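User: Hi! Could you walk me through the packing and the empty spaces in this one? I'll put it up here.

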Amino acid sequence: MSKVAFIGLGNMGGPMAHNLVKAGHTVTGFDLSADALKALAAAGGTAASSAAEAVAGAEVVVSMLPASQHVAGLYLGEAGLFSQLPAGTLVIDSSTIAAETSRQVGKAAAENGIKFLDAPVSGGVGGAIAGTLSFIVGGSAADFAQAKPLLENMGKNIFHAGEAGAGQVAKACNNMLLAILMAGTTEALALGAKNGLDPAVLSEIMKQSSGANWVLNVYNPWPGVMEGVPASNNYQGGFQVDLMAKDLGLAWETALSSKSSIPMGSLARNLFALHAQKGNGGLDFSSIQQMFAE
Ligand code: NAD
């Protein structure tokens with residue numbers, strides 16, 4: 001069992017840290033929110049009053065922060081944790097951030113003899129609570145092997161995507177494809193409905209035909225077609241439009257820095273940004289169906 005410092009105890013980090021406590025690790029956490037710290041203490045962890053205090057004596061540091069600037073701010077610079085952590089410490093950043101930032105942070109870690117992995121997750125808050133997240137990891141094979149048993153306490157599928165930054169790139173590719181599949185599926189359903197088809201019948205036909213995809217199989221976006229999905233619950237819960245828009249922005253940044261062409265991803269990014277602008281940022285991303293139904 002390890003001494004783990006956990007920075008960022010929000011919707012995802014909170015339950016992930018709780019699962020590490022459950023697995024028997026000694027977890028000290030820090031978050032800017034007092035409520036998040038209370039929840040960790042109630043779950044059997046220890047609340048620290050700063051990130052620096054949380055990492056004192058830690059063998060492994062895990063961070064789960066909102067965006068690139070938070071991760072760079074935590075680790076880099078004179079006040080950053082890399083100037084304080086002993087060489088040999090394993091640092092796992094599970095935030096979804098720009099691959100370029102992950103590489104910069106990884107480079108600074110290496111300069112200080114610190115092992116760094118980018119390990120963004122897929123599976124949402126439900127997966128974080130159930131301990132069934134997918135971890136998509138970038139970094140050296142040796143560091144990945146060291147981290148894997150700990151990640152297995154929070155997730156089910158642990159992938160090694162490649163070298164530093166590869167986890168973020170793979171996550172951006174996956175979510176860009178998901179956004180394209182969602183936008184395409186909602187467009188097809190709206191076209192059928194406009195031409196007199198029952199969306200449930202059309203969904204079944206496409207599911208058994210060459211248009212079949214994950215959205216049709218488990219996440220149908222048309223209200224009432226499938227039970228237990230956000231579309232049948234006024235698009236509440238699930239994966240927010242704002243978070244999808246953020247991930248599409250990261251895919252776009254990745255494309256820009258590698259001079260890659262992403263016409264479909266760019267279109268999906270604009271559609272989700274427009275949908276968010278109309279006040280739908282807090283709804284599940286399948287609510288893009290409303291844009292085509294209107
Ligand atoms: P969140 O906003 O609920 O949690 C982030 C936490 O970080 C907050 O509690 C905040 O107080 C804390 N924080 C911010 N700056 C800090 C600092 N300097 N020091 C300590 N704590 C700080 O966000 P979340 O939903 O938990 O998402 C975290 C990351 O996981 C994001 O990068 C997100 O894109 C990614 N992600 C989220 C989901 C999801 O469904 N929510 C799914 C997959 C990946």
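User: Which helices and strands each supply at least two residues of the lining of the largest pocket?

Analyst: Happy to help, and keep in mind that this is a predicted model. The elements are helix H4 (68-75), strand E7 (121-122), helix H6 (124-130), H8 and H11, each with at least two lining residues.

User: And which one gives the largest share of that lining?

Analyst: That would be H8, with six residues.

User: What volume does the largest pocket have?

Analyst: About 1300 Å³. Its lining takes in 42 residues, and those nearest the pocket's centre are Met12, Gly124, Lys171, Phe239 and Leu243.

User: How does the lining of that pocket divide by class?

Analyst: There are 20 nonpolar, 18 polar and four charged residues in the lining of the largest pocket.

User: Which domains does the pocket lining draw on?

Analyst: Domain 1 (3-162) and domain 2 (169-293), with at least three residues from each.

User: Okay, switching to closed spaces. How many cavities of 30 Å³ or more are there?

Analyst: The count is one. The largest cavity holds about 30 Å³ of space.

User: What lines it?

Analyst: Around the largest cavity you'll find Thr96, Ile97, Ala98, Ala99, Gln168, Ala172, Leu250 and Thr254. Split by class, that lining is five nonpolar and three polar residues, with no charged ones.

User: Which helices each supply at least two residues there?

Analyst: Helix H8 (166-194) and helix H11 (241-257) do for the largest cavity. As for domains, at least three residues of the cavity lining come from each of domain 1 (3-162) and domain 2 (169-293).

User: Nice. Now the core: which residues touch the most other members of the largest nonpolar core?

Analyst: Phe6, Met16, Val27, Ile92, Phe135, Val137 and Leu151, out of 30 residues in that core. Several elements supply at least two core residues each, including strand E1 (3-7), helix H1 (13-22), strand E5 (90-93) and helix H7 (141-151).

User: Is there another core apart from that one, and which residues are in it?

Analyst: A separate core has 23 residues, among them Ile7, Val71, Val105 and Ala109.

User: Back to Ile92 for a second. What does isoleucine 92 touch, leaving out residues up to four places away in sequence?

Analyst: Isoleucine 92 contacts Val60, Val61, Val62, Ser63, Leu117, Ala119, Ala147, Leu150 and Leu151. Leu151 is also on the list of residues that touch the most other members of the largest core.

Note on methods: Residues numbered from 1 in each chain as written. Predicted model: local features only at pLDDT ≥ 70, side-chain atom pairs only at ≥ 80, totals over all residues. Heavy atoms only, no water. Core = buried A, V, L, I, M, F, W, Y, C linked by side-chain atoms within 4.5 Å. Buried < 20%, exposed > 50% of the residue type's maximum accessible area, 1.4 Å probe, protein only. Helix = DSSP H or I, 4+ residues; strand = E, 2+ residues; numbered from the N terminus. Contact = heavy atoms within 4.5 Å. 1 Å grid on protein atoms, 1.4 Å probe; cavity = no way out; pocket = protein on both sides within 12 Å on 5 of 7 lines; lining within 4 Å. Points joined across faces, edges and corners; volume = space filled by probe spheres on them. Nonpolar A, V, L, I, M, F, W, Y, C, P; charged D, E, K, R; others polar. Domains from an automatic or database assignment.
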